[in-house]
Amino acid sequence: MTAFLLDMDGVLYRGDRVIDGAREFMAAIADRPHAFLTNNSSLTPATFRARLQRLGLLADPRAPLITSAIATAEHLHRAQPGFRYFAVGGHGLHAALNAVGKPSDEQADYVVIGEGDGLDYQSLTRGGNLLLAGARLVATNPDANVDDGSRVLPGGGALAAPFEVMSGQKALVIGKPEPALYEAGMRALGVTPEETIMVGDRPDTDIAGAVCLGMRALLVRTGRFRPGDTYPADLPPPTWDVNDLRDWSLPASQGAPLTTT
Ligand SMILES: [Mg+2]
C-alpha cells in the first residue's frame with residue numbers, strides 16, 4: 001500500500017488560503033496511510049491540526065502530525081532518556097522537549113534551537129556557555145527563513161548559526177532534508193521508504209531529503225518554488241514535478257488509482 005508523507009505549508013495551504021486541489025487530494029488519500037510533516041518547530045501539533053481541521057484538510061483525524069520539534073524530542077529521548085536541555089525557540093519546541101526531557105539553565109546535555117522567540121544576548125550567552133562546557137548543539141531544522149503571511153521570519157538554521165559561531169560546533173540537524181523527521185513519519189505509519197511518497201514544495205528540503213532516503217517524491221510548484229522556475233541542477237530530481245496537486249495521479253501500477261473528482 002502506498003503511503004504519503006505530506007508537507008503542509010506551500011502544499012496544502014499558504015497562510016489561511018487552501019491551495020487549489022488540496023482538499024480533493026486529501027479526500028482521495030483519506031483511506032491510505034499518511035502523515036503530516038513540518039520543519040516548523042514553533043507551534044504544537046495541536047495548533048497545526050486545528051488549522052487543518054478549520055481549512056477542511058484533515059481527511060483522517062487519526063493521521064500522525066509530526067513537527068521538527070516533536071522529532072527532535074523523540075530523537076534526543078532515544079539517544080539519552082531523561083536528557084537535560086536548554087532550549088531557545090517557540091512554545092512548540094519547549095512543549096515537545098518538556099514532555100520527555102528536563103529543562104536546565106545550569107547543566108545541559110543538549111542546547112536545542114528552533115524557530116520563534118527567545119534568541120537574545122542573554123540566551124546566546126547562556127547557551128554558548130553550556131556548549132563550551134560540553135553540551136551538544138541541536139537545531140530542529142536548517143531553514144534560513146520561513147514564510148509568515150506577508151513577512152519572512154528567521155528559520156531554525158538562521159537562529160542556530162550564532163550558537164555555532166560562538167561554540168565552534170556544527171549543529172546536529174533534525175528536520176528535512178536530514179533523515180530524522182522522515183523516519184519519525186515512517187515509524188508512525190509503519191512503512192518503508194520504498195512504500196512512501198513524499199509530497200513537498202521545496203526542492204532543497206522536502207524533495208532532496210526524500211530522494212536520498214529512497215522514497216518517491218512529488219514536487220508541487222505551489223509554494224516558494226513556482227511554475228517555470230528552473231529545477232536546481234545540483235539537487236536530485238523528484239519522481240514527479242507538477243504545477244499543483246490537480247495535475248497528479250498515482251500511476252495505476254502502484255495500487256488503485258486515486259480519484260480526485
Ligand atoms: Mg512547504
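**Exercise 1. Classify Arg-226 as buried or exposed, and locate it in the chain.**

Solution. Step 1: count neighbours. Arg-226 has 10 other C-beta atoms within 10 Å. Step 2: apply the cut-off. A residue counts as exposed if 12 or fewer other C-beta atoms lie within 10 Å of its own, so Arg-226 is exposed. The model is a predicted one. Step 3: place the residue. Arg-226 lies in the loop between β14 and β15. Step 4: look across the chain. Asn-243 is 17 residues away from Arg-226 along the chain, and the C-alpha atoms of the two are separated by 7.6 Å.

**Exercise 2. Describe the sheet that contains β14 and β15, with its strand order, edges and packed helices.**

Solution. Step 1: write the order. The sheet is open, has 6 strands and runs β5-β4-β1-β13-β14-β15, with parallel pairing. Step 2: find the edges. β5 (65–67) and β15 (240–242) are the edge strands, since each pairs on one side only. Step 3: state the twist, which averages 20 degrees from one strand to the next. Step 4: examine one pair. β14 (residues 216–220) is joined to β15 in the parallel sense over 3 bridges, and Val-220 has Val-242 in β15 as its bridge partner. Step 5: add the helices. Helix α2 (residues 45–54) packs on this sheet, where it touches β4 (34–38) and β5, and its direction makes about 130 degrees with that of β5. Helix α8 (residues 203–212) also packs on the sheet, touching β13 (196–200) and β14, with about 165 degrees between its direction and that of β14.

**Exercise 3. Determine which strands stand at the edges of the sheet ordered β7-β6-β8-β9-β12, and which helix packs on that sheet.**

Solution. Step 1: this is an open sheet of 5 strands with parallel pairing. Step 2: β7 and β12 (172–173) each have a single partner strand, so they stand at the edges and one side of each is left without a neighbour in the sheet. Step 3: take the pairs in turn. β8 and β9 pair in the parallel sense over 4 bridges, with Val-111 opposite Leu-137 in β9. Step 4: add the helix. α5 packs on the sheet through β6, β8 and β9, and its direction makes about 145 degrees with that of β6. Step 5: return to β6. Its pairing with β7 (residues 102–103) is parallel and spans 2 bridges; Arg-84 has Lys-102 in β7 as its bridge partner. β6 is mostly covered, with 4 of its 5 residues buried.

**Exercise 4. Separate the buried side of α5 from the face turned away from it, and say what the buried residues pack against.**

Solution. Step 1: check the helix geometry. α5 (residues 121–132) has 12 residues and reaches 16 Å from its first C-alpha to its last, close to the 16 Å expected at 1.5 Å a residue. Step 2: list the buried residues of α5, which are Ser-123, Gly-127, Gly-128, Leu-130 and Leu-131. They cover an arc of only 160 degrees around the axis, so they lie on the same side of α5. Step 3: turn to the opposite face. Tyr-121, Gln-122, Thr-125 and Leu-132 are the exposed residues carried by the face turned away from the buried side. Step 4: identify the packing partners. The buried residues of α5 pack against β6 (84–88), β8 (110–113), β9 (136–139) and α6 (156–167). Step 5: inspect what follows. Gly-134 comes after α5 and has a positive phi, near 120 degrees.

**Exercise 5. Characterise the surroundings of Leu-153.**

Solution. Step 1: Leu-153 belongs to strand β11 (residues 151–154). Step 2: with 16 other C-beta atoms within 10 Å, Leu-153 is partly exposed. Step 3: leaving out residues up to four places away in sequence, Leu-153 touches Asn-145, Val-146 and Asp-148. Step 4: the C-alpha atom of Leu-153 is separated by 29 Å from that of Met-186, which is 33 residues away along the chain.

**Exercise 6. Assess how compact the whole chain is.**

Solution. Step 1: the chain contains 8 helices and 15 strands. Step 2: its radius of gyration is 18 Å, close to the 18 Å that the globule rule gives for 261 residues, so the chain is as compact as a globular protein of that length. Step 3: the C-alpha trace spans about 55 × 35 × 35 Å along its principal axes. Step 4: 49% of the 261 residues count as buried. Step 5: of the contacts between residues at least 6 apart in sequence, 68% join residues at least 24 apart.

Definitions and conventions:
Residues numbered from 1 in each chain as written. Predicted model: local features only at pLDDT ≥ 70, side-chain atom pairs only at ≥ 80, totals over all residues. Expected span 1.5 Å × (residues − 1). Buried ≥ 20, exposed ≤ 12 C-beta atoms within 10 Å, placed from the backbone. Arc of directions from axis to C-beta. Contact = placed C-beta atoms within 7 Å. Pairing = 2+ DSSP bridges. Axes fitted to C-alpha atoms, helices over the stretch in contact; angles between N-to-C directions. Rg over C-alpha atoms; globule rule 2.2 N^0.38 Å.
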